[in-house]
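The following exercises concern a single protein chain. Each task is followed by a solution in steps.

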Amino acid sequence: MSHDHSHPHDHDHGHGHDHPHRHPNQPDLEDLPPTYYQAMADAVAELLIEKNVFSGGELRETIEYMQGRNPDLGAKLTVRAWTDPEFKRRLTTNAKEAAAEIGIDTGPAPLLVMENTPDVHNVIVCTLCSCYPVFLLGKSPDWYKSREYRSRMVREPRAVLAEFGTEIAPGREVRVHDSTADMRYMILPMRPDGTDGMTEEELAALVTRDSLIGVIEVVGPAAG
């Protein structure tokens, strides 16, 4: 398993939101009161605005930009890689440049795209906080930030994946990639069987946020 436990204290969004581990089919917790870290972030933002480091309008534009990010961008990269072997090679060797080719900004942090294969299944975690490829996937799910997911995924990844309904064959290696403020990961899931005649739009509809994190695999139309 691949682990990097050196986390500088800066991230795409909130730190250490410790919610109980829940199955991904359950709704995210949207209506909870602000956490300590969220309240602290708001206070810092107000101070920076007061000090004229940036304006309230600039902050609002940045927030709206980030809120506009969603897993469709990761799905677009995935489908292009599925249908263009040369693009897949570039994506898995220099993800930022490959994404820029099709107009996708992967954010300021370096990005590695890890390809799932019949022999290897990759999955993402952030063990010490909640670093996440928000530029490609949008807001992270609450279960990704939970203490249970962050601690258990590195210790017993097969068991955690099974709780998401993903059974990994005994002979298939599981690699856990620990995101940091200095490195983000996205999983390139395997293209499912039975999708040869599908359009790019139809293929993109199969790709979910959770498959780009690596906790589930993409399921073809026949299996769905």
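**Exercise 1.** Does Arg184 count as buried or exposed, and at what relative accessibility?

*Solution.* The model is predicted: local features require pLDDT of at least 70, side-chain atom pairs count only at pLDDT 80 or more, and totals for chains, interfaces and linings use all residues. Residues are numbered from 1 along each chain as its sequence is written, and side-chain values use heavy atoms, with hydrogens and water left out.

Step 1. Buried means under 20% relative accessible area, exposed over 50%, and partly exposed in between (1.4 Å probe, protein chains only).

Step 2. Arg184 has a relative accessibility of 5% and therefore counts as buried.

Step 3. The side chain of Arg184 reaches the backbone oxygen of Thr180 at 2.3 Å.

**Exercise 2.** Describe the surroundings of the strand that holds Arg184.

*Solution.* Step 1. Arg184 is found in strand S4; strands (E, at least two residues) and helices (H or I, at least four) are DSSP runs, numbered from the N terminus.

Step 2. In a regular strand, side chains alternate between the two faces of the sheet. In S4, Arg184, Met186 and Leu188 point one way, Tyr185 and Ile187 point the other way, and all are buried.

Step 3. Because five of the five residues of S4 (residues 184-188) are buried, the strand is largely enclosed by the rest of the structure.

Step 4. S4 pairs with strand S1 (residues 111-115) in the parallel sense over five bridges, where pairing requires at least two DSSP bridges between the strands. Ile187 of S4 is the bridge partner of Met114.

**Exercise 3.** Characterise the salt bridges of Arg152 and Arg172.

*Solution.* Step 1. A salt bridge is a side-chain nitrogen of Lys or Arg within 4 Å of a carboxyl oxygen of Asp or Glu. The whole structure contains nine.

Step 2. Arg152 meets Glu148 at 3.3 Å, N to O. Both residues lie in helix H8 (residues 147-155), four residues apart, about one turn of the helix. Arg152 is buried at 12% relative accessibility, whereas Glu148 is partly exposed at 33%.

Step 3. Arg172 forms a salt bridge with Glu217, the closest N and O atoms being 3.1 Å apart. This pair links distant parts of the chain, 45 residues apart: Glu217 is in the segment after helix H11 (209-213), and Arg172 is in the loop between helix H9 (157-163) and strand S3 (173-178). Arg172 is buried at 8% relative accessibility, while Glu217 is partly exposed at 26%.

How values were computed: A polar contact is a pair of N or O atoms within 3.5 Å; within protein, one must be able to donate a hydrogen and the other to accept it, and residues adjacent in sequence count only if both atoms are side-chain atoms.
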